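Trainee: Before we start, I would like to go through this model with short questions and reasoned answers.
Mentor: Go ahead; look at the structure first.

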Amino acid sequence: MVDPHAVLEMRNITKLFPGVRALDDVTMTVRRGDIHAICGENGAGKSTLMKVLSGVYPHGTYSGQIVFEGEEMAFKDIKSSESAGIVIIHQELALIPELSVTENIFLGNEIVAGGLIDRREARRRCRDLLARVGLDIDPDMAVKYLGVGQQQLVEIAKALSKNVRLLILDEPTAALNEDDSENLLLLMKGLKGRGITSIMISHKLNEIAAVSDAVTVIRDGRTVETYAVEAGHVDEDRIIRAMVGRSLDNRYPEHEPNTGGETIIEVKGWTVEHPNVPGKLVCDDESFVARRGEIVGFAGLMGAGRTELARSLFGRSYGIHRSGQLFLHGQPVVLNTVRDAIRHRLAYVSEDRKLLGLNLLDTIKQTIVSANLGAVVRRGLIDGSKERAVAERYRTSLRIKTPGIDVGVATLSGGNQQKVVLAKWLFPDPEVLILDEPTRGIDVGAKFEIYKLIQELADQGKAVIVISSELPEILGICDRIYTICEGRITGEVPRSEADQETLMRMMTTTVGSAA
Amino acid sequence: MNVVKQIFGTDFRQFTMVFALVVLLLGFHIASGGNMLTPGNMQNLIAGNAYVLILAIGMVMVIVIGHIDLSVGSVAGFVGMCVALSARDLSFPWWAALLTGLVVGVAIGAWHGFWLAKIGIPGFITTLAGMMIFRGGVIWLSGSVSVPVPPELNVLGAGYLPEWGPAFTNLNNSTLLLGILAIAFYAWSQISTYRQRVADGETGLNFTAVIIRLVLVGAVLAYVTFLFGSGRPGTSFPVPGLVLVFLVIIYHVITQRTTFGRHIYAVGGNKQAAALSGVSVAKVHFFVMMNMSFLAALAGILFVARATSAGPTDGNMWELDAIAAVFIGGAAVSGGIGTVAATMIGGLVMATLNSGLFLMGVGQDKTQVIKGLVLLAAVAFDVYNKQQGRPSITGRLFGDRRTSESTTDSTKVAPAAPAAPGTAES
Amino acid sequence: MKRRTFTLGSAAAAGALLLAACGEGRSGGETAGGEEAGSGFEADATIGVSLPWLGTQNWAEAQAMFEEQLKSAGFTPLIQAADNKVPQQQQQIEAMVQQGAKAIVVGPIDGTQLGSALKAAKDAGVRIIGYDRLIENTDAVDGVVQFGSIRTGELQGQSLLDGLAERKGEGPYNIELFGGGPADPNAPNFFEGAMSVLQPKIDDGTLVVVSGQTDFQQVATQDWDNGKAQSRMDSLLAANYSDKPLDGVLSPNDGIARAIITSCKGAGQDIPVVDGLDAETESIKSIWAGEQYSTVHKPTKDLVAKTVEIITAFQKGEEAPATEESENNGVIDVPIYALDPIVVTEANAEEVFADDPDRLALLEG
């Protein structure tokens, strides 16, 4: 087991969160000078593993051993892992927008002479570091004026300033456009040439294939496999099989597929730009349809642009609309606000219940009527008995388990919270219902309930769009499936012809750039 | 264009503020029939506003970390009263009373810091409580009656530098010496920075620009020296002004040149990012709050020293003057932005308005209105400047093609040419 | 580099010394611009008037009357009000000195906190007259013009007794006491004067202070704030008068008197006998309507006239008018020019305001 080339060994790492075994006996070895890719589905435990490694979760909060350069490590915080030479670059960049490039690079490790910051020396070293990452910018410029790609490079320069020996990049290209991503991968190869080992978490198989020397696949908090690969000759199918390799059992209610109804919603050439990253298209020329009584799945990994598509359709509540048309019953419509969307009988149930779906201070009845308050208002005042009647109706029909409708939504379980949110969006009586990750954070039993509800809604003649990154779920309940990758629709398959491997391949491959 | 930039600096906003201040001073000088730029008036302006400016130094640091301190007026009043009472009732000598005041200030600051940094109560609430506690405290301690302070302290609040030696120039020699030192130091720092930059291989530097800058600033400093030095014999640059200048220099260095100062901006700019870079957010919060109350104590002492007694309503609403100075100086409510130097200019703009409007005989009612409008205008100017170079709100709503084309173009060049920081017009 | 600064700095210092050594010293005298008493000044000189604020009627009247009377005496008035903020008043006084005022009338916000500003004024040779309130803790004051504040208090106390006898029949009477803003040096004096009349009656049982609050600190009203007085009255009524009538209240001024009456009405009490001070418009109406019993009128006109008279004496280079009264302000004995105020009730209002058309109009309206 001991590899003479190993720079890092993580042995039997187990990390528990209340009620969840996030990492279960994970073991992996990284060889010196490699670019080591870690893959896995959302929530598989990749980021948790890297947080253990970098001291974000300090020694003692997990079990198992970390051996770095032959010594067992017990990091108590980020500083101690950094002083050992392990530097992590988080998915959300840790730069201070108002500070200059130099100031950011040396933040926390300021160059001090005689009690004062030596700006001259800092600027000089900063120029060197910027040259190493191939950035030609003024070191005194505030970071806020840099593009995301440049900021990513500044983060790497910051890591280099700490004499990094092991660089961890958590989805480094998630926020970057294609050119910047390519640039970054080139830089990683360059660093490898200078003897810096990198660990890269990524969803994008073509990126992994292009640069990595080794791959570890993690699923459900366990290592599935670790093996060396040769950059440019990576077996993507093997990775995909390892990522999804879980059995499908009958966790899904029986349902008769229905794809023959009239078209309710049709989208053509939908193109939307990221609100903060100029030039990055979160939806790139996407077209699709959904019919009456049909459950349409949108499969895509996190960051693929699924939520962005849904929200940009739903009254343009996200991004900058660039082009594309929306048709309802064959008529072109322009929905400029969420109110417009609701009026045209669209509903969107967000993926982040707590942040976007619920006001956790409200009671059940307040929540249920909140998207269609007008219907319970009489002479300018909210009619309390009407409000109660509506809430009771949905409590019964959606089988919400609660002692009463005056209970705060915060006290409910995830599944029941999700039903309350569903009720909130059913009350306006939508024709098109977009459900974004409808079962996230919900236990298995409650998932079954939600699936049944979804099917009932379709049977009532609504067009239901389900967005999910869980392939079994998509395959279990949808009648027809679109896959999304990097803001593009990369495939459309009826359920009868779909399987996990095909879908995962389409979800991880941009059109035209397949390996 | 480049030379002009090198003369006036790249900070367009700061330059505008200085320019506005100069225009205000000259404007009032003319409007008041030559009463504004007189030695006496300028001495009064500095001595009479030193306490607000000292508060503003601390306040800008608090605002940079994304909080606010509402208690500074109450704390200043409380500390002033402690000084007066310890001298009168406990027969402390003046220096012991002064020291007591500063210690009380630091203790109050630690109290605020504790609630913010350790317990996590937002500064707004912590200090709103402090505002009530210490306002009540000062009334309670004093029994609502003003208490005289030791007369020795009067120098601190209203004193002048000594006259010495014969005056060939007919100026106050202490002031003259200070002025000459200031000019010499400025010249040295400018020239040595220039040399460093040349030694570091920077190009495009223009020595003539450095000289023009030197001559301009030197002339201003010389004029200021003359202005303060040529007052009635016995007067000079006021002592509270000297205390203020000293503090401004110290705090400028702390905020711009030390690790602690850097961490203040980091915490204010992005707390999570700072923490991930190994900055102790709690420590920064604690010391910034503690420092604020220390400076409030100093301001309170300076004020009672000038007033010759401590009153139960001292410090009422001072926090608002300090906060206004900080925001006129360009700080951001959300934190991360603001400098001591710009805040001082902001405070001086307010003080100049006050003084100038007094001299023109404008009543308090209208003065308040004008000050409110100036605050609004200064912040609006900031906001407008920040929006420059980004797609406007309407552009976003209607998918302005122009912005879309220009932004996609810039991403083709990787790494993209950085957007000019909105100051190209300067 | 370090060495270079040092050299540069010391060269500069040496240069300054050299320059300084070449000439004659500046006269460091304290009273360079000072004028001897008796030398006078121009007949159209600028006269500064610094008032605490314009938030009450008497100060607003003072502003108008100073403007009018100083002008008609040939002076150039420069009148400002400080919004009840001490630092602003300090700056105003300094600004007036800058603008060449020869005399400054000061109605202080806090009489103890103007030391440095007044000293600067005195050093510049400006005469200082305190207006309405004593100026303490400084030698830079030439006299204070005010209505005798003890005397005012005595009148308030006596008027309360008269009112009780007139409106509330036989004693003993239930009363409560209110004091003014503790930061105002006059407030304790008003209270002291009133208590000199009331205390004997409290002692002999004619008057009963039901709440037992008779100490100035207990009854004081922070900042003369009507709202605070009203809250205090509300709590007194709730705590002490649920089962008995309140017959009279000592009030330090009209605003507080009206707050007290409002509070009593709200609590369903009969309106007690309440005195006042300042003869404000609303209170005159209230007296005329039979609610507030009395007010003590301090004719601002007379006070301003006395002040202008003193200024005119200074202008001509004469001694200040003689006065027998003086009060120690902690540093010197300040000459006090005390005027007698007048009690106004429903009975004598028309007579008192006979030559005050504005107030007379209220009685007719």
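Mentor: Domain bounds here come from an automatic or database domain assignment. The model is a predicted one.

Trainee: How far apart do the C-alpha centres of domain 1 and domain 2 of chain A lie?
Mentor: The assignment for chain A gives domain 1 as 6–244 and domain 2 as 263–507. Between the C-alpha centres of these two domains of chain A, the distance is 35 Å.

Trainee: Which helix gives the most to the side of domain 1 of chain A that touches domain 2 of chain A?
Mentor: The contact draws 12 residues from domain 1 of chain A and 12 residues from domain 2 of chain A. On the domain 1 side, the residues divide into 6 nonpolar, 3 polar and 3 charged. The helix that gives the most to that side, with 5 residues, covers residues 236–244 of chain A and is α8.

Trainee: What are the edge strands of the open sheet in chain A that includes β13 and β16?
Mentor: This open sheet has 4 strands in the order β14-β13-β16-β17, with antiparallel pairing. An edge strand pairs on one side only, and in chain A these are β14 (281–291) and β17 (331–333).

Trainee: Which residue of β14(A) does A:Val267 stand opposite?
Mentor: Strand β13 of chain A, residues 263–273, runs antiparallel to β14(A), and 7 bridges join the two. Opposite A:Val267 in β14(A) stands A:Phe288.

Trainee: What angle does the direction of helix α9 of chain A make with that of β14(A)?
Mentor: Helix α9, residues 306–313 of chain A, packs on the sheet and touches β13, β14 and β16 of chain A. Its direction and that of β14(A) make an angle of about 70°.

Trainee: Which residue in the hairpin of β11(A) and β12(A) takes a positive phi?
Mentor: Strand β11 of chain A (residues 214–219) is joined to β3 of chain A (residues 35–39) by 4 bridges, and these two run parallel. With β12 of chain A (residues 222–228), β11(A) runs antiparallel through 6 bridges. A:Ala214 stands opposite A:His36 and also opposite A:Ala228 in β12(A). The hairpin has 2 residues between its strands, and the positive phi, near 50°, belongs to A:Asp220.

Trainee: Is α4(B) parallel or oblique to α13(B)?
Mentor: The axes of α4 (residues 72–88) and α13 (residues 281–307) of chain B come within 7 Å and cross at roughly 55°. Angles under 35 degrees count as roughly parallel and 65 to 115 as roughly perpendicular. The crossing angle therefore makes α4(B), relative to α13(B), oblique.

Trainee: How many charged residues are in the contact of α4(B) with α13(B)?
Mentor: α4(B) passes α13(B) in a right-handed crossing. Among the contact residues are B:Val75, B:Gly80 and B:Val83 of α4(B), and B:Ala296, B:Gly300 and B:Phe303 of α13(B). By class, the contact holds 13 nonpolar residues, 4 polar and, as for charged, none.

Trainee: Which chains share the most contacts?
Mentor: Chain A has 38 residues in contact with 31 residues of chain B. The chain A side of that contact has 18 nonpolar, 10 polar and 10 charged residues. Chain A and chain C do not touch, their nearest C-alpha atoms being 13 Å apart. Of the 2 pairs of chains in contact, the most contacts are shared by chains B and C.

How values were computed
Residues are numbered from 1 along each chain as its sequence is written. Chains are lettered from A and ligands numbered from 1 in the order in which they are written. This is a predicted model: local features need pLDDT of at least 70, side-chain atom pairs count only at pLDDT 80 or more; totals for chains, interfaces and linings use all residues. Axes are lines fitted to C-alpha atoms, for helices over the stretch in contact, and angles run from 0 to 180 degrees between N-to-C directions. Angles under 35 degrees count as roughly parallel, over 145 as roughly antiparallel, 65 to 115 as roughly perpendicular and the rest as oblique. A crossing is left-handed if the near helix is turned anticlockwise from the far one by less than a right angle, and right-handed if clockwise. Two residues are in contact if their C-beta atoms, placed from the backbone, lie within 7 Å. Ala, Val, Leu, Ile, Met, Phe, Trp, Tyr, Cys and Pro count as nonpolar, Asp, Glu, Lys and Arg as charged, and the others, Gly among them, as polar. Two strands pair if DSSP finds at least two bridges between them.
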